[in-house]
Amino acid sequence: MDYEQIFVHALDKLKHERRYRIFTEIEKNAEHFPRARWNAPNGPRDIVIWCSNDYLGMGSHPVVIETLRDAARRMGVGAGGTRNISGNSSAIVELEAEIADLHRKEAALVFSSGYVSNETGISTLAKLLPGCVILSDQMNHNSIIEGVRQSGQDKVIFRHNDVAHLEELLRAAGNRPKFIAFESLYSMDGDVAPMAKICELAEKYGAMTYLDEVHAVGMYGPRGGGIAEREGLMDKIDIVEGTLAKAFGVIGGYIAGKRAAIDAVRSYAPGFIFTTAMCPALAAAAAASVRHLKNSNGGERELHQTQVRKTRKALSAAGIPMLPADTHIIPVMVGDAGLCKAASDMLLFDHGIYLQPINAPTVPKGTERLRVTPTPHHTDEMIAELVRALSTVWRKLGLPFAETPAVAAE
Ligand SMILES: *Cc1c(COP(=O)(O)O)cnc(C)c1O
């Protein structure tokens, strides 16, 4: 049996479908984020990153870096084991208190990543609800889908953000325990859930709400509590899930909610129990980031939204086709996997602009795109350069320009 040949064959299949992923090797420049060094085939080059989920540049913030350095000096690096076996690091306990306060919840629990928090949080909670049915938005992230699957409970999918469909399914579920899993801000289209209406339906039909705020924590709401904070709905959400790796710029994920639900996950979840705790120094750095964004009176958040608006407006004026969302994510539509990759390569090689192509299966076939994420650190000159580069690439590849501006001029 030629095992290696089987893997080669599996990879060929991906390459044939243009789904084989090619990484771009970079070294971030903490002093000059979003600038970075790209280890290009013919030597290193300076580039500007336009597709980072470090939405506010907190991964390079001096307070976060200094906290990490100090904490590592004081406490060392690894946690040395699970929280049960090797001691419950005070840095993680403090981080959880910071997160619970951010979302105005009784308790929070930290995991190695946002992915693990969804996978293990949802599966554990739903499994503990006897005869439960999970109602899951059609566009939910893979980590939610895996959590739902691993719970072993019945699931029904409601059409994306379609509250009429959700209500129909809630009614059909009768008086079984019901668990609604959705996201606040969907990161591929940049659209937002009708959260008030979903919460209203949850109350009417006695369902539990589980909200993934991964792409909104740190960025929306007066203290960075997410879209639920902005909409005044935090107390209507039973469990909120977030990441420390995107706007907070570090690593790790969490859930927050009422004491018993969080304690149940702590006590029953294999994905929490059987893995080494987060590095305490990283926990300290993440807590510093959460604290900073809570108390910075929206400074980063305002500048972020300003640079996003400028980028959107400039792209629109140049006729670059975008999805018309009003969040910080700007999906520039290409609609073909090969052309999307070609556009991305041209931007990198010819213009020093890094915009990773987003192809199927991450997005549906035919909706391939470049996902532009401006940060507060992208200057007006960088925005102008991006627009010039995209216009050149669009002309060279013969890609269609938008006929009517996607955003009305201000
Ligand atoms: C990125 C992402 C996650 C996973 O978070 P990580 O901390 O990167 O593991 C979960 N949910 C959504 C919607 C995401 O986009």
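**Note on a predicted protein model**

1. The protein exposes about 18,800 Å², and carbon and sulfur atoms supply 54% of that area. These values, like the others in this note, come from a predicted model. On the side of burial, 53% of the 410 residues of the protein count as buried.

2. As to the overall fold, the secondary structure of the protein comes to 14 helices and 16 strands. The radius of gyration is 22 Å, which is close to the 22 Å that the globule rule gives for 410 residues, so the protein is as compact as a globular protein of that length. Taken along the principal axes, the box that the C-alpha atoms fill is roughly 65 × 60 × 55 Å. When contacts between residues at least 6 apart in sequence are considered, 70% of them join residues at least 24 apart.

3. The charged side chains number 45 positive and 48 negative, and the centres of these two sets lie 1 Å apart.

4. On the cysteines, a reader new to the structure may first wish to recall that a disulfide is a covalent bond between the sulfur atoms of two cysteines. In this model the count comes to zero disulfides, the cut-off being a pair of cysteine sulfur atoms within 2.5 Å. Why does C51 have no such bond? The closest cysteine sulfur to that of C51 belongs to C340 and is 11 Å away, which is too far for a bond. For C132, the closest cysteine sulfur is in C199, and here the separation of 18 Å is likewise too far for a bond. C51 counts as buried because its relative accessibility is 17%, where buried means under 20%; C132 is also buried, with a relative accessible area of 0%.

5. Turning to single positions, N118 is found in helix α4, which covers residues 114-127, and N118 is buried, with a relative accessible area of 1%. Leaving aside residues up to four places away in sequence, N118 touches S123, S143, I144, G147, Y210, D212 and E241.

6. One of these partners, I144, has its place in helix α5 and is buried, with a relative accessible area of 0%. Which residues does I144 touch, not counting those up to four places away in sequence? They are N118, I122, S136, A181, E183 and D212, so that D212 appears among the contacts of N118 and also among those of I144. I144 and F182 are 38 residues apart in sequence, while their C-alpha atoms are 8.4 Å apart in space.

7. M139 is found in the loop between β5 (133-137) and α5 (142-151). Is M139 buried or partly exposed? At 34% relative accessibility, M139 counts as partly exposed. With residues up to four places away in sequence set aside, M139 touches H160, E183, Y186 and D189; E183 is also listed among the contacts of I144. M139 and H377 are 238 residues apart in sequence, and from C-alpha to C-alpha they are 30 Å apart in space.

8. Finally, A389 lies in helix α14, which runs over residues 380-397, and A389 is buried, with a relative accessible area of 0%. Beyond residues up to four places away in sequence, A389 touches L347, H351 and I353. The C-alpha atoms of A389 and M346 are 8.9 Å apart in space, although 43 residues separate the two in sequence.

Terms used. Residues are numbered from 1 along each chain as its sequence is written. This is a predicted model: local features need pLDDT of at least 70, side-chain atom pairs count only at pLDDT 80 or more; totals for chains, interfaces and linings use all residues. Side-chain values use heavy atoms; hydrogens and water are left out. Helices (H or I, at least four residues) and strands (E, at least two) are DSSP runs, numbered from the N terminus. The radius of gyration is taken over C-alpha atoms; the globule rule is 2.2 Å times the number of residues to the power 0.38. Buried means under 20% relative accessible area, exposed over 50%, partly exposed in between (1.4 Å probe, protein chains only). Contact means heavy atoms within 4.5 Å. Accessible areas come from the Shrake-Rupley method with a 1.4 Å probe; for residues, only the protein chains shown count as cover. Lys and Arg count as positive and Asp and Glu as negative; His and the chain ends are not counted. The place of a charge is taken as NZ of Lys, CZ of Arg, CG of Asp or CD of Glu.
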